[in-house]
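Dear colleague,

Please find below the sequence and structure that I am handing over to you. I should be grateful if you would read the notes that come after with the structure open.

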Amino acid sequence: MVSPTSVSICDEHDRIPVHNDENTYTVNHEASATLDSTKAFEGPEKLLEVWFAPDRYNLPPSMARDGLKSVPREMWEDMLDLVHCKVLSFIGTAEMDAYLLSESSMFVFPHKLILKTCGTTTLLAGLPRLLDIACVQTGYPAGMEPWRVFYSRKNFMFPDRQKHPHRSWKDEVKYLDAHFSNGSAYMVGRMNSDHHWYLYSAKRDSTLSVKADPVVADGRFEDETLEIIMTGLDQEKAAQFYKDRIVSETTSECVASSASSDDLDPGHAGGADITAKCGLASLYPFSRIDSFSFSPCGYSANGVTDATHNYFTVHVTPELGCSYASFETNVPSSVAGMNSLDVVSYVVGIFGPSQFSVTMFETRATKDSFVNACTERSHPAEIPGYTRIDRIVYELDEYDLVFLAFEKTEA
């Protein structure tokens with residue numbers, strides 16, 4: 001599903017080459033070929049966002065013009081080694097670098113980094129290296145804390161298998177507090193439900209002034225992120241994410257927008273096939289999609305748009321008894337001619353979960369606010385076939401957060 005301007009292929013023993021050209025697509029065949037998800041069991045991801053500025057136009061004067069995008073890929077790979085995941089492939093655009101990982105995804109913008117990893121990865125163990133890279137490699141002022149930090153996750157299915165510092169929410173908060181001086185920790189949702197959700201947020205006490213910009217009207221910035229976390233996937237829908245259900249010959253439609261079928265290893269070819277058949281390719285048809293089918297089962301995808309900072313990412317562990325899928329995007333729903341609930345309904349329809357939760361972060365400058373709509377009694381936030389069991393709203397500095405939880409309606 002990727003339509004790159006250029007494709008570079010790694011030799012068997014080579015690392016991914018270091019170049020951040022725009023509109024590139026790179027595949028790490030060595031990591032892709034040796035990856036085995038047989039022992040994958042923990043779908044719920046750990047999600048970290050570190051913002052060094054509100055946007056690419058307000059980077060500190062000492063910082064490189066392209067900010068974090070100026071960092072060579074080999075440095076990010078070294079950081080990811082601490083997290084215990086590998087890069088499978090990469091899409092580069094003018095606005096971001098999107099990495100598809102052996103355990104989920106990473107997005108690098110000039111002003112922020114988003115890292116999302118699943119399983120027993122030690123995501124927070126990479127945080128000190130991330131902060132060091134920002135200072136040493138990009139010129140971010142040493143000793144200055146990031147502009148904003150967000151860390152979140154769903155409750156783990158198998159918390160006893162996690163490694164330090166992820167053995168408990170208390171340990172994670174202690175670790176984060178050791179790095180940031182102004183953090184706040186939250187538990188959102190019912191403790192006796194499968195879908196309670198944890199959030200840590202921190203902000204720098206003394207922020208950089210935000211200059212008025214045509215993109216950032218009146219000195220305010222707009223940001224919104226929608227995340228859908230799904231469990232108990234419909235068995236028939238989950239079956240399409242198993243390797244043995246993938247057609248051996250990838251359809252010509254799937255590879256038509258790629259460089260050639262020879263450039264795609266079985267994992268990426270299978271991922272392209274799933275992307276087309278499950279319906280994800282039709283959600284944001286203006287996106288370039290990089291996807292991977294794991295062996296014996298599992299699926300990951302990153303979607304990016306070349307001219308904007310918009311992305312979406314999907315991850316699936318379909319095993320019966322611990323099935324899980326997540327969807328995250330900052331694409332404004334209006335861009336796709338929908339509202340946010342339309343997007344939720346579309347994604348939920350692909351997986352048919354028995355339970356799912358929705359979180360939406362929005363700055364108060366965001367137009368057509370989903371959060372505001374969901375707090376109105378005249379807008380019940382309904383999803384066909386599901387019963388809403390929770391609606392919780394938080395005010396967090398410049399952001400509003402709404403948390404919704406749903407269960408499948410019994411027939």
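The notes below go from the overall fold to the cores, two helices, the cavities and some local backbone features.

This is a predicted model, in which local features need pLDDT of at least 70 and side-chain atom pairs count only at pLDDT 80 or more, while totals for chains, interfaces and linings use all residues. Residues are numbered from 1 along each chain as its sequence is written, and side-chain values use heavy atoms, with hydrogens and water left out.

Overall fold

The protein has nine helices and 18 strands; these are DSSP runs numbered from the N terminus, with helices being H or I of at least four residues and strands E of at least two. Of its 411 residues, 57% count as buried, where buried means under 20% relative accessible area, exposed over 50%, and partly exposed in between, with a 1.4 Å probe and protein chains only. A contact means heavy atoms within 4.5 Å. Among contacts with a separation of 6 or more, 69% are between residues 24 or more positions apart. As one example of residues brought together from distant parts of the chain, Ile 91 and Asp 290 are 199 residues apart in sequence, yet their C-alpha atoms are 7.4 Å apart. Ile 91 belongs to strand β4 and counts as buried because its relative accessibility is 0%.

Nonpolar cores

In soluble globular proteins, nonpolar side chains tend to be buried together. A nonpolar core here is a set of buried Ala, Val, Leu, Ile, Met, Phe, Trp, Tyr and Cys residues joined through side-chain atoms within 4.5 Å. The largest one has 40 residues, and those with the most contacts inside it are Ile 228, Met 230, Val 314, Phe 327, Phe 351 and Phe 356. Helix α8 (residues 340-351) gives the largest share of this core, seven residues. Leaving aside residues up to four places away in sequence, Phe 351 touches Met 230, Leu 233, Asp 234, Lys 237, Phe 241, Val 314, Val 316 and Ala 325. Apart from the largest core lies another, of 39 residues, which includes Val 71, Leu 123, Val 173 and Phe 180.

Two helices with a buried side

In helix α2 (residues 73-83), the buried residues are Arg 73, Trp 76, Glu 77, Met 79, Leu 80 and Val 83. They lie on the same side of α2, because they cover an arc of only 160° around the axis, the arc being that of the directions from the helix axis to the C-beta atoms. Their cover includes β2 (24-27), β4 (87-92), β5 (97-101), β6 (104-108), β7 (112-117) and α3 (127-138).

Helix α4 (residues 169-177) buries Trp 169, Glu 172, Val 173, Tyr 175 and Leu 176. These, too, cover an arc of only 160° around the axis and are therefore on the same side of α4. Lys 170 and Lys 174 are exposed on the other side of α4. The buried residues of α4 are covered by elements including α3, β8, β9 (183-188) and β10.

Cavities

A cavity is a set of points on a 1 Å grid over the protein atoms alone where a 1.4 Å probe fits but cannot get out, and lining residues have an atom within 4 Å of a point. Grid points are joined across faces, edges and corners, and a volume is the space filled by probe spheres set on the points. Five cavities of 30 Å³ or more are found, and the largest holds about 170 Å³. Of the 15 residues that line the largest cavity, Leu 47, Glu 49, Phe 150, Thr 225 and Phe 361 are the closest to its centre. At least two lining residues come from each of β3 (46-51), β8 (148-154), β10 (197-203), β11 (224-231) and β16 (355-363).

Local backbone features

Most residues other than glycine have a negative phi, and most peptide bonds are trans. His 84, in the loop between α2 and β4, has a positive phi near 75°. Ser 104, in strand β6, has a positive phi near 85°. The peptide bond between His 164 and Pro 165 is cis, with omega about 5°, and Pro 165 lies in the loop between β8 and α4. Another cis bond runs from Ser 295 to Pro 296, with omega near 10°; Pro 296 is in the loop between β12 (288-293) and β13 (299-304).

With kind regards

How values were computed:
1 Å grid on protein atoms, 1.4 Å probe; cavity = no way out; pocket = protein on both sides within 12 Å on 5 of 7 lines; lining within 4 Å.
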